[in-house]
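User: Hello! I am new to this structure and would like a close look at one strand and its partners. Could you walk me through that part and then show me what else is worth a visit?

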Amino acid sequence: MTEGISPSRLRVLFALFAVATLLLSLRVGYWQTIGRTALLEGATDQLRSELVVEAQRGVIRDRSGAVLATTVDLRSLYAIPKRIADHADAAAKLAPVLATPAATIRAALDSGAEWLYLKRRLPEPVARAVEALAITGLGFEPEPKRLYPNDALAAHVLGFVNDDGVGQYGVEGAYDKVLRGVPGSLIVERDPKDRELALGLRTAIAPKNGADLMLTIDLVVQTAAESALRRAIEREKATSGSIIVLDPRDGAILALASAPTFDPARVASADPEALRDRAVSWSYEPGSTMKAVTIAAGIDTGVVTPTTTYEDKGYAIIGGRRLNNAQGKVYGTTTVTQILERSANAGAVFVASKLGQDPLYQYLRAFGFGSPTGIDLASEASGAVRPLAQWYPVDVGTIAFGQGIAVTPLQLAMAYSAIANGGTLYRPYVVAATRDADGEHRTAPAAVRSPITPATADTLRTMLVSTVDRGIAHGATLPGYSVAGKTGTAQIPSDDGRYLDDAYISSFAGFVPASDPRFVVVIVIERPQTKLLGTITAMDAFHDLAIDVLRNARVQPDRP
Amino acid sequence: MRRPFEARSRRGHAVPRRRHAAGATWEVRTFVVVSAAICAVFLLVVLYLSQATAVATRGYETQRLESVRDELRRQNALLEVESARLDSPARIEAEARRLGLVRAAAVPVVQAEPIAARR
């Protein structure tokens, strides 16, 4: 057979085979030596998958253990349009279940995308309804969602978690690192069906879940506070308001309500102004509620006593300026106790004049005005107490009755707490304990300082009880309980530095039972429709709230 | 003592072996040894494969059970949320109002000390 083939051809053929064999051998040799690592990595990459295992965000509970915020995996609906036989039919079936127009779903399916979300984080009943449709080409993927079972309740205390999983505002913001935990990782080998190989490589670093938070907030008190605030704002058609309820014995916040409010689960649709916590992140000129602080300073320094008298002419002149009583009332001979009972501006100026500007400034600072209270919530405002060097002579008079100074409702509540508890200013707090894998860590109440002596605090308590029993705050009386408190009406400064003529901020600050204070309550209503009568609404809100709170805490009446 | 490979009649008498049987014995012995070795290897392979298959099956079963466990945990978390929602004081108050209930106007408080003194 080979007789026809020339030897030279055979040699060429042999040479070709030899070269081909040599090249292939070199190629094989290359992959077995130099290229081995790359080849192995490529093969391993096809098998191996590395996943980030997200840590579970901590649960937030109230003081009784009720869930206020928790994270649950909800199912997100995705579609692979190529696998859906009839887009129009699928869209028509999904539309009523997803509460989305069929045309919108159809457009998404026809968009040309290979894979797309139709709706993310579905409520469980909706996910089940979609599942029951059994449409080929649809699937679910779990995605974590922060849920707030009480909807908008305590929204400003809780804050919210944004789409990136970062906590913002409130406790979610202040304790984000604690709540978030540390993610872990999982490296596994998978088969072509994306199942984990039982005999394959498996390297896991377990995630460290976030700590749970136990708040000082009482769900019942919070509900009562929000209900009282809502009624007050509706009645007064007010623009905003806030209520704080706290325990004066240690500074624990029991309720903190702010309006307007928002739903933490639907922040995207919230008015940005509603996100501001008006109890902590907003300051205002407090008005007459500040008279208690001025008189506390006067009594503590000994320049006045509850029975010290002055002749009230309806006004006081200080720094060349005339400062009038509300509605120009003239009271004649008036005791210091009656200054509070009648809320006489001239009387507050009298006490401040005897005190002097430097001691007044020192007492304001000692009561915590002009600096953050240190509450464990994000975005606390510090209020405004101008440095003494910037005071005009008239400022001693105006600040004495709460104008020319800006405070947060929380600062005012803490100052009244100091009066209620015998003279100790505490740092307020909302997180009672954190719970993690290492156990429970409780927050210890922190006494900041004592701005007044226990004797002064006791005297002030008696005077504030008198203000409620016989004075201007009579609307705050409660059957069976002694109440100490003071109303406040303040004008609102305009942008040009003057006060607006017909806009006020009404407030009430008090504590109950006055004989052994368990609750300090501060209520602030901005721009009430009834203007100067807004304090009546504030006292009514206090009345309703205090009854609920005392019943809930089973506090025994201290009066017949 | 009886010699090896000595055949016996039904009555127990020794039967003389034929000469060509020596060659066949070697072949049979080799065949038996090789067959036994193949069988042993086969059994070992079958054993290994069955073990490997069993482990893989258990692995997939474990994964299935893990996903069932995860789903049950998820359902449990959802039920906790639902429970918290139902326990909400605001919801209970609204439901009470819907049922026509009203708040107690006054809550009588009984002093504990006089009662204790009477006892």
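Analyst: Put your finger on A:F508 and look across to β23(A): the bridge partner waiting there is A:I523. Please keep in mind as we go that this is a predicted model.

That pair belongs to a longer run of contacts, since eight bridges join β22(A) to β23(A), and the two strands run antiparallel. Together β22(A) and β23(A) make a hairpin, with six residues between them. You can trace β22 of chain A from 499 to 512 and β23 from 519 to 526.

β23(A) has another neighbour too. Strand β11 of chain A, residues 240-247, pairs with β23(A) in the antiparallel sense, over seven bridges. To find your place in this pairing, look for A:I244, which stands opposite A:V522 of β23(A).

How many of the eight residues of β23(A) are buried? The count is eight of eight, so the strand is mostly covered, where buried means that 20 or more other C-beta atoms lie within 10 Å of a residue's own. The cover extends to both faces of β23(A). On one side sit A:F519, A:V521, A:I523 and A:I525, and on the other A:V520, A:V522, A:V524 and A:E526, all of them buried. Two residues you have already met are in these lists: A:I523, the partner of A:F508, and A:V522, which faces A:I244.

Now step into the loop that links β22 and β23 of chain A, where A:P513 is found. The peptide bond joining A:V512 and A:P513 is cis, with omega about -15°. A second cis bond leads from A:A259 to A:P260, and its omega is near 0°. A:P260 is found in a loop as well, between β12 (252-259) and α10 (291-301) of chain A.

While we are looking at the backbone, two other residues of chain A deserve a stop. A:Y169 is not a glycine, yet its phi is positive, near 60°. You will find A:Y169 in the loop between β7 (167-168) and α7 (170-174). Is A:Y169 buried or exposed? A:Y169 is buried, because 25 other C-beta atoms lie within 10 Å. A:S343 also has a positive phi, about 55°, without being a glycine. A:S343 lies in the loop between α11 (336-342) and α12 (345-355) of chain A. A:S343 is buried as well, because 26 other C-beta atoms lie within 10 Å.

Finally, let us turn to the partner chain. Chain B holds three helices and two strands, and from the N terminus on its elements run β-β-α-α-α. Buried residues make up 2% of the 119 residues in chain B, whereas in chain A you have just seen β23(A) with eight of its eight residues buried.

Where do the two chains meet? In the contact between them, 20 residues of chain B touch 20 residues of chain A. On the chain B side, α1 (21-87) and α2 (89-98) each supply at least two residues. The largest share, 15 residues, comes from α1(B). By type, the residues on this side of chain B divide into twelve nonpolar, three polar and five charged.

Key. Residues are numbered from 1 along each chain as its sequence is written. Chains are lettered from A and ligands numbered from 1 in the order in which they are written. This is a predicted model: local features need pLDDT of at least 70, side-chain atom pairs count only at pLDDT 80 or more; totals for chains, interfaces and linings use all residues. Two residues are in contact if their C-beta atoms, placed from the backbone, lie within 7 Å. Helices (H or I, at least four residues) and strands (E, at least two) are DSSP runs, numbered from the N terminus. Ala, Val, Leu, Ile, Met, Phe, Trp, Tyr, Cys and Pro count as nonpolar, Asp, Glu, Lys and Arg as charged, and the others, Gly among them, as polar. A residue is buried if 20 or more other C-beta atoms lie within 10 Å of its own, exposed if 12 or fewer, and partly exposed in between; C-beta atoms are placed from the backbone. Two strands pair if DSSP finds at least two bridges between them.
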